[in-house]
Amino acid sequence: MSLTNEIIKARLTEKFGEEVSSFEEPYGMLTFEAPKDLNLKVLNFLYDDQELKFRFMTDLCGVHYPNNKGRELAVVYHLHNMVDNVRIRFKVFTDINQPDVYTATGLFSAANWMERETYDFYGVNFVGHPKLKRILNVDEMDYFPMRKEFPLEDQTRIDKDDEMFGRGGAAGYGTDTKEEDNRNSVTAEADKHDETGRPIV
Amino acid sequence: MSEQHIKLPEGSIEKTTTTLNLGPTHPATHGVMQNVLELDGERIVSTEQTIGYIHRAFEKIAERRPLYQITTLTDRLNYCSSPINNMGWHLTCEKLLGVKTPKRVDYLRVIIMELSRISDHLICNSIVGVDAGAYTGFLYVMQYRELIYEIYEEVCGARLTTNMGRIGGFERNFNNIAFEKIEKFLKEYPKVLKEFENLFQRNRIFMDRTKGTGAISAERALNYGFTGPNLRAAGIDYDVRVHSPYSSYEDFQFNIPVGTTGDNYDRWLVREQEMWQSLSIIEQAYQKVQEFKGTDADVFHADVPEYYLPEKADVYTKMEALIYHFKIVMGETEIPAGEVYNAVEGGNGELGFYLISDGGRTPYRLHFRRPCFIYYQAFEELTKGAMLSDAIMTMSSLNLIAGELDG
């Protein structure tokens, strides 16, 4: 008998009752969430249960929802049962001011770097992680760049001396000489930084 | 000599091991990544990897781009097989939008994806040879990677970072030269691959260098999230093409080669066998494509006016085409809200795209599941207690691509 989303859902509600919630099936993949304190219990149950056997961690990543007060950060696990070939998606949400989530490294070695990446970009503090430090960004970085409060550079800015990309510079592409002085003043403006090293807009 | 002149780190004189920096720019790392090795003589005691040297914040950049502009970002993940990444991305978009592609498009995509799998495996396997000291094979097969790149050129105009295809299909139909070159490839390549195999497969030196080194058990490989040839070398027959078929892979007959020991030799063999399988898939797909006659033979994209650029002639003469053209180019098409995970079998394993859309014009969040990034963390376990020279072989047989590693 193949494993269907209904069976997984039934097994989970049987075990955790009201704690697991928000069952959805976007594009056929069962998606649900649980309180963050329970994440290891749920992952363990999914791993050990004789019927479920979700023993492969496909992916782990973070998402930032700045308008969800009290549950701004999400950690999303994609798990795979390779025997029955079923995938599920499991989410936990956490407060951005206290982003502590238990680490899944004890269960999946694969989670190690993926958690470091999530910490690096979203600042989720994985409690119990053997070596939680930045992985892709420099160690000195003191903010979490994938959070939504850090916008990408304004594409229409003309203050960059970026001759090779057709903006500003000696050839004057993208601007005319009249704006030259103006441009310099904008540059001075852009050079101001706050104490975290971010440019003041 | 007074104490203040020489200040060594504490314990550094008593230390019996040597610290060696392998990389970030070392020819044997084949990419920008650093390994800090702790060596006892020539044996590795511990390894610490530093990655992120070419991190380009693709996930962040993608949050501001309309769907079609993200294709160029996927090119630069695993740049040895960028068409697979492109197709994978388009398939993800099509899944989100509910687009169904015509069979001919699927088959053309299969041809391209399998060609890029061959070019990916070809690079990896020949580089393993180079690291073992055999340069000949590498130079020999490069000619055929060149031929594959020429086919890309005919199809999309680019060679390495291809930006091939569009949401719904291809930007233009394959021309006759492309088909001629595919035919040429199918005709000549088997002989070359056989010759390449003869150089390595039963070569005593090569076998001694690769057998038993960098081995991983099936259980550990799964736990580490291995996918693709590296997982199959450990004996697990997991292949996305078979387990969740996309782009009509279910229409093709092929085997999944598996290894037993998960060592460097098995990884090499699995890749080698996969090239044969890919070749057979291309042959089948080519046959199927030839069977389309009349107007069916001109189909190269699905009908998705909101995402597929209209014909240029129509843009000048028809109002609707002009509007769509403008909206697509300016990225003013709203993406339906939803979240989707879609995976394809990339050169290195399961290449996944996790896309969350909140109904805006750009993805709310896009995450790439980069197989390389996930399995490289096993490197320490793979090389513990091994010789330094074996670690080099392990690194190249894992097929680490810095672009995919750093994202």
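**View 1. Where domain 1 of chain B meets domain 2 of chain B, the rule finds zero salt bridges.** This is a predicted model, and the panel looks at the boundary inside chain B. Polar contacts do occur here: seven residue pairs, both partners at pLDDT 80 or more, are in polar contact across this interface. On the domain 1 side, the elements that give two or more residues are β1 (18–22), β2 (34–40) and β3 (43–50) of chain B. Of these strands, β3(B) supplies the largest share, with six residues. Sorted by class, the domain 1 side has nine nonpolar, eight polar and two charged residues. The two domains bury about 1600 Å² between them, and 59% of that area is on carbon and sulfur atoms.

**View 2. Chain B is divided by the domain assignment into domain 1 (18–50) and domain 2 (58–406).** Their centres, taken over C-alpha atoms, lie 29 Å apart. The contact between them draws 19 residues from domain 1 and 20 residues from domain 2. If you step back to the whole chain, you can count 17 helices and six strands. Chain B has a radius of gyration of 23 Å, close to the 22 Å that the globule rule gives for 407 residues, so it is as compact as a globular protein of that length. Its C-alpha trace spans about 85 × 50 × 35 Å along the principal axes.

**View 3. Chain A and chain B come together through 48 residues of chain A and 40 residues of chain B.** How is the size of such an interface often given? The accessible area lost when the parts come together is often used. Here, chain A and chain B bury about 3800 Å² between them, with 55% of it on carbon and sulfur atoms. Across the interface, 24 residue pairs are in polar contact, again with both residues at pLDDT 80 or more. The elements of chain A that give two or more residues to this side are β3 (56–64), β4 (73–81), β5 (86–94) and α3 (111–122). Strand β3(A) gives the most, with nine residues. By class, the chain A side of the contact divides into 26 nonpolar, eleven polar and eleven charged residues.

**View 4. Seven salt bridges cross the interface of chain A and chain B.** One pair to look for is Lys133(A) with Glu48(B), whose side chains meet in a salt bridge at 3.7 Å, N to O. Glu48(B) falls within the bounds of domain 1 of chain B, given as 18–50. Over all chains, the count by this rule comes to 31 salt bridges.

**View 5. Glu14(A) and Arg11(A) form a salt bridge within chain A.** The closest N and O atoms of this pair are 3.5 Å apart. Where do the two residues lie? Both are in helix α1 (residues 5–16) of chain A, three residues apart, which is about one turn of the helix.

**View 6. Phe144(A) sits in the loop between β7 (125–127) and α4 (179–190) of chain A.** Which residues does Phe144(A) touch, leaving aside its neighbours within four places in sequence? The list runs through Tyr119(A), Asp120(A), Phe121(A), Tyr122(A) and Gly123(A), and also takes in Arg134(A) and Phe150(A). Arg134(A) is ten residues from Phe144(A) along the chain, and their C-alpha atoms are separated by 10.0 Å.

**View 7. Tyr119(A), one of the contacts of Phe144(A), belongs to helix α3 of chain A.** Besides Phe144(A), and leaving aside neighbours within four places in sequence, Tyr119(A) is in contact with Val124(A), Phe126(A), Leu132(A), Lys133(A) and Arg134(A). Lys133(A) will be familiar from View 4, where its side chain pairs with that of Glu48(B). Arg134(A) has also appeared already, as a contact of Phe144(A). For a sense of distance, Tyr119(A) and Ile135(A) are 16 residues apart in sequence and 8.8 Å apart in space, C-alpha to C-alpha.

Conventions
Residues are numbered from 1 along each chain as its sequence is written. Chains are lettered from A and ligands numbered from 1 in the order in which they are written. This is a predicted model: local features need pLDDT of at least 70, side-chain atom pairs count only at pLDDT 80 or more; totals for chains, interfaces and linings use all residues. Side-chain values use heavy atoms; hydrogens and water are left out. Contact means heavy atoms within 4.5 Å. Buried area is the accessible area (1.4 Å probe) that two parts lose on being put together, summed over both. A polar contact is a pair of N or O atoms within 3.5 Å; within protein, one must be able to donate a hydrogen and the other to accept it, and residues adjacent in sequence count only if both atoms are side-chain atoms. Helices (H or I, at least four residues) and strands (E, at least two) are DSSP runs, numbered from the N terminus. Ala, Val, Leu, Ile, Met, Phe, Trp, Tyr, Cys and Pro count as nonpolar, Asp, Glu, Lys and Arg as charged, and the others, Gly among them, as polar. Domain bounds come from an automatic or database domain assignment. The radius of gyration is taken over C-alpha atoms; the globule rule is 2.2 Å times the number of residues to the power 0.38.
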